[in-house]
Amino acid sequence: MEMQHEQQKPSDDLAERRASNELVKVIRKLRWMGMEEEAKKAENQLALSNFPAADSVVARSRETD
């Protein structure tokens, strides 16, 4: 019985991680469309998530060299 519970948990974690990453995409799109207030609400929702997104909604400069 314990093994079933342990096996189920990683898939739940994976689903939550994917949801967090999808939320990052939504936030970027909202900002691109100029919908900053909606993006802020989505960002607050992301902050309350159990799993931080693998990607960030904060723009960083990237070196090309």
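Helices here are DSSP runs of H or I with at least four residues, numbered from the N terminus. Q45 is found in one of them, helix α2. The model is predicted. Two helices feature in this briefing: α1, residues 2–32, and α2, residues 36–47. They both give residues to the largest nonpolar core. A search of the whole structure also finds four salt bridges.

**Helix α2: length and faces**

- Helix α2 has twelve residues. At 1.5 Å a residue they should span 16 Å, and the end C-alpha atoms are indeed 16 Å apart, so expectation and model agree.
- Three residues of α2 are buried: A39, A42 and L46.
- Seen down the axis of α2, its buried residues fall within an arc of 65°, so they line one face of the helix.
- The other side of α2 carries the exposed residues E37, K41, Q45 and A47.
- Q45 has a relative accessible area of 52%. Exposed means over 50%, so Q45 counts as exposed.
- K40 also sits in helix α2. Its relative accessibility is 46%, so K40 counts as partly exposed.

**The nonpolar core**

- The largest nonpolar core holds seven residues in all: L23, V24, I27, L30, A39, A42 and L46.
- The elements that give two or more residues to this core are α1 and α2.
- Helix α1 supplies the largest share, four residues.
- The buried residues of α2, namely A39, A42 and L46, are members of this core.
- In soluble globular proteins, nonpolar side chains tend to be buried together.

**Salt bridges around R31**

- R31 and E43 meet through their side chains in a salt bridge, at 2.4 Å from N to O.
- This pair links distant parts of the chain: R31 belongs to helix α1 and E43 to helix α2, twelve residues apart.
- R31 forms a salt bridge with E36 as well, and here the closest N and O atoms are 3.4 Å apart.
- R31 is partly exposed, with a relative accessible area of 28%.
- E36 is partly exposed too, at 42%.
- E43 has 21% relative accessibility. Buried means under 20%, so E43 counts as partly exposed.

**A salt bridge within α2**

- K41 and E37 form a salt bridge, with the closest N and O atoms 4.0 Å apart.
- The two residues are four apart in helix α2, so about one helical turn separates K41 and E37.
- K41 is exposed, with a relative accessible area of 53%.
- E37 is exposed, with a relative accessible area of 56%.
- Elsewhere, salt bridges that share partners join R31, E36 and E43 into one network.

**A nonpolar patch on the surface**

- W32, M33 and M35 form a nonpolar patch on the surface. Together they have about 390 Å² of accessible area.
- W32 belongs to helix α1.
- The relative accessibility of W32 is 75%, so W32 counts as exposed.

**Contacts across the sequence**

- K40 and I27 are 13 residues apart along the chain, and their C-alpha atoms are separated by 7.8 Å. I27 is one of the core residues.
- Q45 and S20 are 25 residues apart along the chain. Their C-alpha atoms are separated by 9.3 Å.
- A19 and F51 are 32 residues apart in sequence. In space they are 9.1 Å apart, C-alpha to C-alpha.
- A19 lies in helix α1. At 46% relative accessibility, it counts as partly exposed.

How values were computed: Residues are numbered from 1 along each chain as its sequence is written. This is a predicted model: local features need pLDDT of at least 70, side-chain atom pairs count only at pLDDT 80 or more; totals for chains, interfaces and linings use all residues. Side-chain values use heavy atoms; hydrogens and water are left out. Patches are made of residues with over 30% relative accessible area and no salt bridge: like charges are joined within 9 Å, nonpolar side chains (Val, Leu, Ile, Met, Phe, Trp, Tyr) within 5 Å. Accessible areas come from the Shrake-Rupley method with a 1.4 Å probe; for residues, only the protein chains shown count as cover. Buried means under 20% relative accessible area, exposed over 50%, partly exposed in between (1.4 Å probe, protein chains only). The expected span of a helix is 1.5 Å times one less than its number of residues. The arc is that of the directions from the helix axis to the C-beta atoms. A nonpolar core is a set of buried Ala, Val, Leu, Ile, Met, Phe, Trp, Tyr and Cys residues joined through side-chain atoms within 4.5 Å.
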